[in-house]
Amino acid sequence: MNLSFKKLKSIDLPCSNDTLVFSLSGKIQCQNYWTYTEMNVIEALHNRVSAPRLGDPGPDKEVLENICKSAFSAADHGLLKPWRFLIVKDQARCRLGDLFAQATLETTAEVSQEKLESIKKKPLRAPLIIITIAKHISHPKIPEIEQSLSAAAATQNMLLAAFAQGIGAMWRTGAMAYSSTVSAGLGLEKHEKIVGFLYLGASQGPQKPPRELSVDDFFQEW
Ligand SMILES: Cc1cc2nc3c(=O)[nH]c(=O)nc-3n(C[C@H](O)[C@H](O)[C@H](O)COP(=O)(O)O)c2cc1C
């Protein structure tokens with residue numbers, strides 16, 4: 001693995017006795033604090049994994065801007081830009097949790113208080129969430145499915161941009177992504193659908209190894 005680093009972003013170490021660990025994925029890990037080098041795009045593509053456990057800090061302004069801009073290079077038939085995104089952070093995560101709880105109460109006959117509390121806390125699993133919304137546009141040649149696929153590609157781009165910058169990320173959906181109450185509460189219009197909740201933050205715990213799949217098992221000459 002190529003461990004050369006093109007550019008090291010200057011960082012403030014959270015505490016003086018933190019040690020820097022160079023990991024195989026090309027990241028520098030500082031205990032629970034991740035920073036990044038400019039990772040080769042192929043390296044990022046081959047090594048990206050989700051980070052299910054996330055904590056503070058969330059991406060800073062510059063890193064977040066890079067993540068957001070990465071969405072715009074998604075494949076997009078007809079350049080319709082059939083997507084928009086909501087950023088949910090700080091107290092807004094609690095409002096999203098309340099919306100999740102409301103949606104659950106409206107559709108589930110019996111929910112224990114314990115379950116409801118755990119649903120409310122779901123958005124607190126990361127310091128920042130980007131909600132990808134597919135914005136379907138009526139078009140004679142470009143069906144809705146293609147527009148949803150473009151929104152999914154945008155989300156994948158953001159996953160990769162996060163990983164390449166040492167930010168943990170996880171794409172989640174679940175019942176809340178398909179709830180009309182959640183959609184309405186977020187201000188979605190009729191032609192809009194939630195594609196995913198992209199949870200972003202500092203990866204906690206060990207990073208899982210990338211999937212090791214064989215090209216020959218999935219690609220055959222025809
Ligand atoms: C559209 C979509 C929705 C997903 N929703 C969830 C989810 O709600 N919960 C979950 O644990 N994983 C969900 N995943 C899967 C994870 O994001 C992740 O890709 C998977 O755990 C495999 O891990 P990896 O990304 O590290 O390979 C979803 C993936 C996609 C593409």
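Student: Among contacts in the chain between residues at least 6 apart in sequence, what percentage join residues at least 24 apart?
Tutor: Good place to start, and keep in mind that this is a predicted model. Take the contacts in the chain between residues at least 6 apart in sequence, and then ask which of them join residues at least 24 apart. That share is 78%.

Student: How many helices and strands does the chain have, and what percentage of its residues are buried?
Tutor: The secondary structure comes to seven helices and eight strands. The chain has 222 residues, and the buried share of them is 32%.

Student: Which helix gives the most residues to the largest nonpolar core?
Tutor: That core has 42 residues, and those with the most contacts inside it include Met158 and Ala162. The elements that each supply at least two residues of this core are α2, β5, α3, β6, α5, β7 and β8. With eight residues, the one that gives the most is α5.

Student: What does α5 pack against through its buried residues?
Tutor: Let's look along the helix before naming its partners. Among the buried residues of α5 are Gln147, Ala154, Met158, Leu159 and Phe163. The buried residues of this helix pack against α1, α2, β5, β6, β7 and β8.

Student: How far does α5 reach from its first C-alpha to its last?
Tutor: This helix has 21 residues, and 30 Å is the span expected at 1.5 Å a residue. Just after α5, Gly166 takes a positive phi of about 80°. From its first C-alpha to its last, α5 is close to the expected value, reaching 30 Å.

Student: Is β8 mostly covered or mostly open, and how many of its residues are buried?
Tutor: The strand β8 spans residues 192-203. It is mostly covered, and of its twelve residues the number buried is ten.

Student: Which strand is joined to β8 by eight bridges?
Tutor: Let's go through the partners of β8 in turn. β4 is joined to β8 by two bridges, and these strands run antiparallel. β7 is also antiparallel to β8, with five bridges. The strand with eight bridges to β8, again antiparallel, is β6.

Student: In β8, what is the bridge partner of Leu128?
Tutor: A few pairs help you find your way along this strand. Leu54 stands opposite Ser203, and Met170 stands opposite Tyr199. For Leu128, the bridge partner in β8 is Leu200.

Student: Which residues does Tyr199 touch, not counting residues up to four places away in sequence?
Tutor: Tyr199 is one of the residues with the most contacts inside the largest nonpolar core. Met170, which stands opposite Tyr199, is also among the residues it touches. The full list is Leu54, Arg125, Ala126, Ile129, Ala169, Met170 and Arg172.

Student: Which strand gives the largest share of the shell around the ligand?
Tutor: The residues around the ligand are Val49, Ser50, Met170, Trp171, Arg172, Thr173, Gly174, Gly196 and Arg211. They divide into three nonpolar, four polar and two charged. The largest share, three residues, comes from residues 168-172, which form strand β7.

Student: Where is Pro57, and is the peptide bond from Asp56 to Pro57 cis or trans?
Tutor: Pro57 lies in the loop between β4 and α2. In general, most peptide bonds are trans. The bond from Asp56 to Pro57 has omega near 0°, and it is cis.

Student: Why does Leu79 count as exposed?
Tutor: Leu79 sits in the loop between α2 and β5, and its phi is near 45°, a positive value in a residue other than glycine. A residue counts as exposed if 12 or fewer other C-beta atoms lie within 10 Å of its own. Leu79 is exposed because its C-beta neighbours inside 10 Å number 7.

Student: How many other C-beta atoms lie within 10 Å of Lys81?
Tutor: Lys81 also lies in the loop between α2 and β5. Its phi is positive too, near 50°. Lys81 is partly exposed, because the number of other C-beta atoms within 10 Å is 16.

Student: How far apart in space are Ser179 and Glu106, C-alpha to C-alpha?
Tutor: Ser179 is in the loop between β7 and α6. It is buried, because 20 other C-beta atoms lie within 10 Å. In sequence Ser179 and Glu106 are 73 residues apart, while in space their C-alpha to C-alpha distance is 9.9 Å.

Key:
Residues are numbered from 1 along each chain as its sequence is written. This is a predicted model: local features need pLDDT of at least 70, side-chain atom pairs count only at pLDDT 80 or more; totals for chains, interfaces and linings use all residues. A residue is near a molecule or strand if its C-beta atom, placed from the backbone, lies within 6 Å of it. Helices (H or I, at least four residues) and strands (E, at least two) are DSSP runs, numbered from the N terminus. Ala, Val, Leu, Ile, Met, Phe, Trp, Tyr, Cys and Pro count as nonpolar, Asp, Glu, Lys and Arg as charged, and the others, Gly among them, as polar. A nonpolar core is a set of buried Ala, Val, Leu, Ile, Met, Phe, Trp, Tyr and Cys residues joined through C-beta atoms within 7 Å. Two residues are in contact if their C-beta atoms, placed from the backbone, lie within 7 Å. The expected span of a helix is 1.5 Å times one less than its number of residues. Two strands pair if DSSP finds at least two bridges between them.
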